[in-house]
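Subject: Structure for your files

Hello,

Here is the structure I said I would pass on. My notes on it follow underneath.

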Amino acid sequence: MDKDLSMYDVRTDLALEAKEIVSENAPGADIPGLWSESESKDGITVTRMEIRDEQAARQIGKMIGHYVTLEVPDMRQGDSELQDKVATSLAKEFEAFLKRIGITPKNSVLVVGLGNSSVTPDALGPIVVDNMMVTRHFFELMPDQVSPGYRPVSAVAPGVLGTTGIESSDIVQGIVEKAKPDLIIAVDALAAKSLARVNTTIQIADTGIHPGSGIGNKRKGLTKDILGVPCIGIGVPTVVYASTIVNNTIQLMFEHMKKHTNNTDPLFGAFGQMADDERLQLVREVLSPLGHDLLVTPKEIDKFIEDIANVIASGLNAALHEAVDTDNVAAYTH
């Protein structure tokens, strides 16, 4: 199998969706160099994926590394009990990342909340930062009074290039040189291929993060190569392209009509014979010149973004501080 995902020009930041796209275009074919497993419990599906070599990275269109995706379809319901379970699951998965890259309970951490706090779908990072348990100043000013079970944690929301005039990566690089954290956690809003995954999915990746990549706005990344320290990216898809929604709707229409007739050619003709990526490209070619290939977010985004940001912050607080009970993060979720 030699397919390269870049030929599909698919706008998604989720490694899981990138894998699905390749699999859809080559059903039943294995992807050498790619390992994955999934498990479901309490309404949460956790998929762990490892891209092990350059061939797999090229086919998937993602960097070599580990990716964990938490899918929670009922996250939008505002169920506080479910949110607590998601925060607990996130904490446990994140602890596994820390162990894998050799981060100990004593190592210092910098949490970077990427995005624009004035634009709701892009405010995930700054809201997470607002809810983090920051402790670095205590270690600096009164180290003898810090209780056991805590580590130095700092947090910053560097804003966006259009507001500050400075690349977020450059701001973070300056902070790294002065504060010298052992690990960077970058939190950002992502783009998804599937509308069902918007505000219901959390991705963790040890490959870092590239601000704006999901919306085609390539920015200098926050990665170990650039910053000199390990960087773990956490993201939630909050937007999806209009062309993707249109294409998904057309696909649902095809599937609906096939339930009623075996011969859909008179209805759809050659259009119905197109591969999914070809149809998506056609839809994009029609919408883009008109300025209609918009970024779309659910109308309830205000509530969603607050909820999922609190879940992420709670999970991180539990994973970073041993004094916070990983099995019971409810007190840190609301």
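Ala-309 sits in helix H12. The model is a predicted one, and in it Ala-309 has 0% relative accessibility and therefore counts as buried. Leaving aside residues up to four places away in sequence, Ala-309 touches Leu-124, Ile-127 and Val-128. Asn-199 is 110 residues from Ala-309 in sequence, and their C-alpha atoms are 10.0 Å apart in space.

The helix around Ala-309 is mostly covered, with 17 of the 20 residues of H12 buried. Its length is as expected for a helix: at 1.5 Å a residue, the 20 residues of H12 should span 28 Å, and the end C-alpha atoms are 28 Å apart, so the two values agree.

One partner of H12 (residues 301-320) is helix H3 (residues 80-100). The two pack at an angle of about 45 degrees, with their axes 8 Å apart. Angles of 65 to 115 degrees would count as roughly perpendicular and those under 35 degrees as roughly parallel; H3 and H12 are therefore oblique to each other. H3 passes H12 in a right-handed crossing. On the H3 side the contact involves Gln-83, Val-86, Ala-87, Leu-90, Ala-91, Phe-94, Glu-95 and Leu-98. These meet Asp-307, Val-311, Ile-312, Ser-314, Gly-315, Leu-316, Ala-318, Ala-319 and Leu-320 of H12. Sorted by class, the contact of H3 with H12 has 12 nonpolar, three polar and two charged residues.

Two loop residues flanking H3 are worth listing here. Gly-78 lies in the loop between strand S3 (65-71) and H3. Is Gly-78 buried or exposed, or partly exposed? At 38% relative accessibility, Gly-78 counts as partly exposed, because the partly exposed class runs between the 20% limit for buried and the 50% limit for exposed. Gly-78 touches Gln-83 and Asp-307, not counting residues up to four places away in sequence; Gln-83 and Asp-307 also belong to the contact of H3 with H12. Further along the chain, Lys-303 is 225 residues from Gly-78, yet the C-alpha atoms of the pair are separated by 8.5 Å.

The other loop residue is Ser-108, between H3 and strand S4 (109-113). Ser-108 has a relative accessible area of 15% and is therefore buried. Its contacts, not counting residues up to four places away in sequence, are with Pro-152, Lys-180, Pro-181, Asp-182 and Leu-183.

A second helix pair is H9 and H11. What is the angle between H9 and H11? They pack at about 130 degrees, with their axes 9 Å apart. An angle over 145 degrees would count as roughly antiparallel; H9 and H11 are therefore oblique to each other. Their crossing is right-handed. H9 contributes Ala-242, Ser-243, Thr-244, Val-246, Asn-247, Ile-250, Gln-251 and Phe-254 to the contact, and H11 contributes Asp-276, Arg-279, Leu-280, Val-283, Arg-284 and Leu-287. The residues of the contact of H9 with H11 divide into seven nonpolar, four polar and three charged.

H9 (residues 242-258) also has the expected length: its 17 residues should span 24 Å at 1.5 Å a residue, and its end C-alpha atoms are 24 Å apart, so this agrees. In H9, the buried residues are Ala-242, Ser-243, Thr-244, Asn-247, Ile-250 and Phe-254. The buried residues of H9 pack against strand S8 (231-241), helix H10 (265-268), helix H11 (276-287) and strand S9 (295-296).

One further loop residue is Thr-223, between strand S7 (201-205) and helix H8 (224-227). With a relative accessible area of 7%, under the 20% limit, Thr-223 is therefore buried. Thr-223 touches Thr-207, His-210, Gly-228, Val-229 and Cys-231, again not counting residues up to four places away in sequence.

For the protein as a whole, there are 12 helices and nine strands. Of its 334 residues, 49% count as buried. Among contacts with a separation of 6 or more, 73% are between residues 24 or more positions apart.

Regards

Methods: Residues are numbered from 1 along each chain as its sequence is written. This is a predicted model: local features need pLDDT of at least 70, side-chain atom pairs count only at pLDDT 80 or more; totals for chains, interfaces and linings use all residues. Side-chain values use heavy atoms; hydrogens and water are left out. Axes are lines fitted to C-alpha atoms, for helices over the stretch in contact, and angles run from 0 to 180 degrees between N-to-C directions. Helices (H or I, at least four residues) and strands (E, at least two) are DSSP runs, numbered from the N terminus. A crossing is left-handed if the near helix is turned anticlockwise from the far one by less than a right angle, and right-handed if clockwise. Contact means heavy atoms within 4.5 Å. Ala, Val, Leu, Ile, Met, Phe, Trp, Tyr, Cys and Pro count as nonpolar, Asp, Glu, Lys and Arg as charged, and the others, Gly among them, as polar. The expected span of a helix is 1.5 Å times one less than its number of residues. Buried means under 20% relative accessible area, exposed over 50%, partly exposed in between (1.4 Å probe, protein chains only).
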